[in-house]
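I opened the notebook to go through one chain and write down what I looked up, entry by entry. The structure comes before the notes.

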Amino acid sequence: MTYHPKSEFMSVMMTRGFLADCTDYQALDEALVKGVVPAYIGFDATAKSLHVGSLIQIMMLRWLQKCGGKPIVLMGGGTTKVGDPSFRAEERPLLTSAQIDANIAGIKQAFAPYVHFGEGPNDAIMVNNAEWLDGLNYLDFLRDIGRHFSVNRMLSFESVKSRLDREQSLSFLEFNYMILQAYDFLEINRRYGCILQMGGSDQWGNIINGIDLTRRVLDHDIYGLTSPLLTTSDGKKMGKSASGAVWLNGDMLSPYEFWQFWRNTTDADVGRFLKLYTELPLADCDRLGALQGSEINAAKIILANQVTALLHGPEAATTAEATAREVFERGGVGDDLPTVTVSTEELGEGISIVQLILRAGLAGSGKDAKRLILEGGAKMNDEIVTDAGLRIGAGHLAEPLKLTVGKKRHALVVLA
């Protein structure tokens, strides 16, 4: 639809590519113009860090705050015990309460660089849905909340329907997830006056459930807004690289590796990613994204620097770029490269080159590492490795050993 927003936040969402759908454009836009709008996004605690796939949602919360709204970060301490079945082929592994609490502690680190937490009207808050879900009385919940849900309608949601159409099991535990998420919206509205839930477009059905429930129980007008589910131009899901998930926490992925992920962006994605993941003016994003040939590499460095600076700080971005230049342009080893440390005891009869490539995160499996070597895609100190059975001994590690896979991915191996 063509809608010309009055509020700064809605304008940002539409012009920078964040908006997939909204339950009521005009009413939400008018609420945003009138005053501070509290809005939330939920994050389940399935790992100790979020990855790049969640960064679009974090940026939405950042823009909300910059435009005068109040971000609410909802940690799924309760819902993680169930697991979101949306568009998944199988049930998530169940985590203990201790594992979930440890994951939440790790995830909190990712938000501090993006939103300001505090007690002010525009300050962000972080809440945990375990506060209201853990103590629910099952019979009371069924009577007061469950009666508002139609099983027929729940079965019609695409996230559930696609699973059933493939004749894949959907447990009763998972089926309850959408009721619990809808209840979250009700509780956050009741406790914090929150009138907007945001999320990826795969959450549309869950968001609609929450809106319907809150209107039935509290008779409040609330809204939903979704972002597109991002894939790269070559069809890959955002958040994954050749060596695994692109984590946001620096202790799970180094700032250099994070920088390198963005530096390796496909040409066709540069302009779109600049709009979504940086705060550069739209005109600059369009100009940089339109560059051709070798000139687009300069735009990729700007993208990598901007995104890395937001998460890890300007110094980390500068250091990562300097390391990349040293490694790629001058053939040096670079002080900031991912490093694998091996002990003298490990070296015994030598450690295999395949194992080192794996430990450095340069391949996803031993099979991948062997294939890279056989295809001439692996180097040791800039020399092509031809023997997948090569074993590295103490003599190889008198100086730091540089491993290279492809043209752009490097790691160091050092002796403890």
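I began at the end of helix α1, where the residue that follows is Gly17, with a positive phi near 95 degrees. The model is a predicted one, and I read the backbone angle with that in mind.

I then went back into α1 itself, residues 8–15, and looked up which of its residues are buried: Phe9, Met10, Val12 and Met13. Viewed down the axis of α1, these fall within an arc of 160 degrees, so they line one face of the helix. I checked what that face meets, and the buried residues of α1 pack against β1, α2 (25–34), α3, β5 and β6.

Positive phi, second case. I noted Asp219, which is not a glycine yet has a positive phi of about 60 degrees. Most residues other than glycine have a negative phi. Asp219 sits in the loop between α11 (204–218) and β6. I asked whether Asp219 is buried or exposed. At 66% relative accessibility, Asp219 counts as exposed.

Sheet. I traced the strand order and got β1-β6-β5-β2-β3-β4, an open sheet of 6 strands with mixed pairing. β1 (21–22) and β4 (125–128) each have a single partner strand and stand at the edges, so one side of each has no neighbour in the sheet. For one pairing I looked at β5 (residues 196–200) and β6 (residues 223–227): the two run parallel and are joined by 5 bridges. Within that pairing, Gly200 has Ser227 of β6 as its bridge partner.

Helices on the sheet. Helix α3 (residues 55–66) packs on the sheet and touches β2 (38–44), β3 (70–76), β5 and β6. I recorded its direction as making about 160 degrees with that of β2. Helix α10 (residues 177–192) lies across β2, β3, β4, β5 and β6, and I put its angle to β2 at about 145 degrees.

Salt bridges. How many are there by the rule used? The count comes to 15. I went to the one between Glu279 and Arg62, whose closest N and O atoms are 2.4 Å apart. Glu279 lies in the loop between α13 (270–277) and α14 (282–289) and Arg62 in helix α3, so the pair ties together parts that are 217 residues apart in sequence. Arg62 is buried, at a relative accessible area of 14%, while Glu279 is partly exposed at 27%.

I looked next at a salt bridge inside one helix, where the side chains of Arg143 and Asp140 meet at 3.5 Å, N to O. The two are 3 residues apart in helix α6 (residues 138–144), which separates them by about one helical turn. Arg143 counts as exposed at 52% relative accessibility, and Asp140 as partly exposed at 34%.

I also wrote down Arg371 and Glu375, a salt bridge with its closest N and O atoms 3.3 Å apart. Arg371 is partly exposed at 38%, whereas Glu375 is exposed at 58%. Last under this heading, I noted that Glu131, Glu187, Arg190 and Arg191 are linked in a network of salt bridges.

Aromatic pairs. My search of the whole structure found 8. Phe261 and Trp262 form an edge-to-face pair, 5.2 Å centre to centre with 85 degrees between the planes. Phe261 and Trp262 are both buried. For Trp262 and Tyr277 the ring centres are 4.9 Å apart and the planes are at 55 degrees, so I entered the pair as tilted. This pair links distant parts of the chain, with Trp262 in helix α12 (residues 255–263) and Tyr277 in helix α13, 15 residues apart. Tyr277 is buried, as is Trp262. I followed the ring pairs outward and got a cluster of Phe258, Phe261, Trp262, Phe273 and Tyr277.

Leu155. I found this residue in helix α7 (residues 151–156), partly exposed with a relative accessible area of 38%. Which residues does Leu155 contact, leaving aside its neighbours within four places in sequence? I listed Val160, Lys161, Leu164 and Phe175. Leu155 and Phe175 are 20 residues apart in sequence, and their C-alpha atoms are 9.2 Å apart.

Definitions and conventions:
Residues numbered from 1 in each chain as written. Predicted model: local features only at pLDDT ≥ 70, side-chain atom pairs only at ≥ 80, totals over all residues. Heavy atoms only, no water. Pairing = 2+ DSSP bridges. Helix = DSSP H or I, 4+ residues; strand = E, 2+ residues; numbered from the N terminus. Contact = heavy atoms within 4.5 Å. Axes fitted to C-alpha atoms, helices over the stretch in contact; angles between N-to-C directions. Buried < 20%, exposed > 50% of the residue type's maximum accessible area, 1.4 Å probe, protein only. Arc of directions from axis to C-beta. Salt bridge = Lys/Arg side-chain N within 4 Å of Asp/Glu carboxyl O. Phe/Tyr/Trp six-rings, centres within 6.5 Å; stacked < 30°, edge-to-face > 60°.
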